[in-house]
Each structure stands twice: as C-alpha cells, then as structure tokens.
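The following note sets out comments on the model for a colleague's consideration. The points are numbered and may be read in order.

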Amino acid sequence: MSEVTYYVALPFVFSDDGMAAGEAAECLSANAAVMRAEALSRKPGHAGAIAFSRSGDPSSGDFRDAKLIRKFGDVPDDLSTL
C-alpha cells in the first residue's frame, strides 16, 4: 500500500440555492493550499474557500476522511461530503 496525501483548495460560489462548491485546485503542500484558498475566497462571485487534505492509497481508492486545514469567508458548516 502506497499512501499519498493530496492538498486541495476548494472555493464556494454563490448559486441559486445559496452556495455550491466550485472547481477544486490540487496544491503541492498544505501551505500552498492555504494560500490558494485565501486567494480564491477573494475572487468576485466566491463566498469563501477552504484548504483541506486527504490521505490514502490511490491504487485501491481507499482514502480517509478529509482534514480541514483552514477556511476563509462563508463556507457551509457541514463539510462531511469532502
């Protein structure tokens, strides 16, 4: 089993239903994900953004739950679907 950790910045955009997840951006490190999420949270039309990580084995598809690193702006309270 070869475990890897992915770092992701995920924006949330305004939608007809309130807000929705935008296009995720994979980053090289936790710090890079935080910096990218902060920048995404300031873009027009974005409500906020989060930086998170997920670890697991890509060959088997077995991943642990996402770990929130940091959030910016308005994001949903329930992030359990990450």
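1. In which strand is the place of Leu 68? The model is a predicted one, and in it Leu 68 belongs to strand S6, which covers residues 67-73. Is Leu 68 buried, partly exposed or exposed? With a relative accessible area of 46%, Leu 68 is partly exposed, because that class lies between the 20% limit for buried and the 50% limit for exposed.

2. The surroundings of Leu 68 deserve a remark. Once residues up to four places away in sequence are set aside, Leu 68 touches Ile 50, Ala 51, Phe 52 and Leu 79. Between Leu 68 and Val 8 there are 9.7 Å from C-alpha to C-alpha, with 60 residues separating the two in sequence.

3. On the overall fold, the secondary structure of the protein chain consists of one helix and six strands. Their order along the sequence is β-β-β-α-β-β-β. Contacts between residues 24 or more positions apart make up 53% of those with a separation of 6 or more.

4. On overall dimensions, the radius of gyration of the protein chain is 13 Å, which agrees with the value near 12 Å for a compact globule of 82 residues. Along the principal axes, the C-alpha atoms fill a box of roughly 40 × 25 × 15 Å.

5. On the surface, the protein chain exposes about 5,300 Å², and carbon and sulfur atoms supply 47% of that area. Of its 82 residues, 32% count as buried. The protein chain carries 8 positive and 12 negative charges, and the mean positions of the two sets are 8 Å apart.

6. Which residues form the largest nonpolar core? This core has nine residues, namely Ala 9, Cys 27, Ala 33, Val 34, Ala 37, Leu 40, Ala 49, Ala 51 and Phe 72. Two elements, helix H1 (30-41) and strand S4 (46-57), each give two or more residues to this core. The largest share, four residues, comes from H1. Another core lies apart from it and has seven residues, among them Leu 10, Phe 12, Ile 50 and Leu 79. As a general matter, nonpolar side chains in soluble globular proteins tend to be buried together.

7. Ala 49, a member of the largest core, merits separate mention. Leaving out neighbours within four places in sequence, Ala 49 is in contact with Leu 10, Pro 11, Phe 12, Ala 37, Leu 40, Ser 41, Arg 70, Lys 71, Phe 72 and Val 75.

8. Is Pro 44 buried or exposed? Pro 44 sits in the loop between H1 and S4. Its relative accessibility is 78%, so Pro 44 counts as exposed. The C-alpha atoms of Pro 44 and Phe 14 are separated by 9.8 Å, and the two residues are 30 residues apart along the chain.

9. A further loop residue is Glu 23, placed between strand S2 (18-21) and strand S3 (25-27). Glu 23 has a relative accessible area of 71% and is therefore exposed. Beyond its neighbours within four places in sequence, Glu 23 is in contact with Ala 9, Leu 10 and Pro 11. From C-alpha to C-alpha, Glu 23 and Ala 9 are 8.8 Å apart in space, although 14 residues apart in sequence.

Key
Residues numbered from 1 in each chain as written. Predicted model: local features only at pLDDT ≥ 70, side-chain atom pairs only at ≥ 80, totals over all residues. Heavy atoms only, no water. Rg over C-alpha atoms; globule rule 2.2 N^0.38 Å. Buried < 20%, exposed > 50% of the residue type's maximum accessible area, 1.4 Å probe, protein only. Contact = heavy atoms within 4.5 Å. Areas by Shrake-Rupley, 256 points an atom, 1.4 Å probe, with all protein chains shown as cover. Lys, Arg positive; Asp, Glu negative; His and termini not counted. Charge placed at Lys NZ, Arg CZ, Asp CG, Glu CD. Core = buried A, V, L, I, M, F, W, Y, C linked by side-chain atoms within 4.5 Å.
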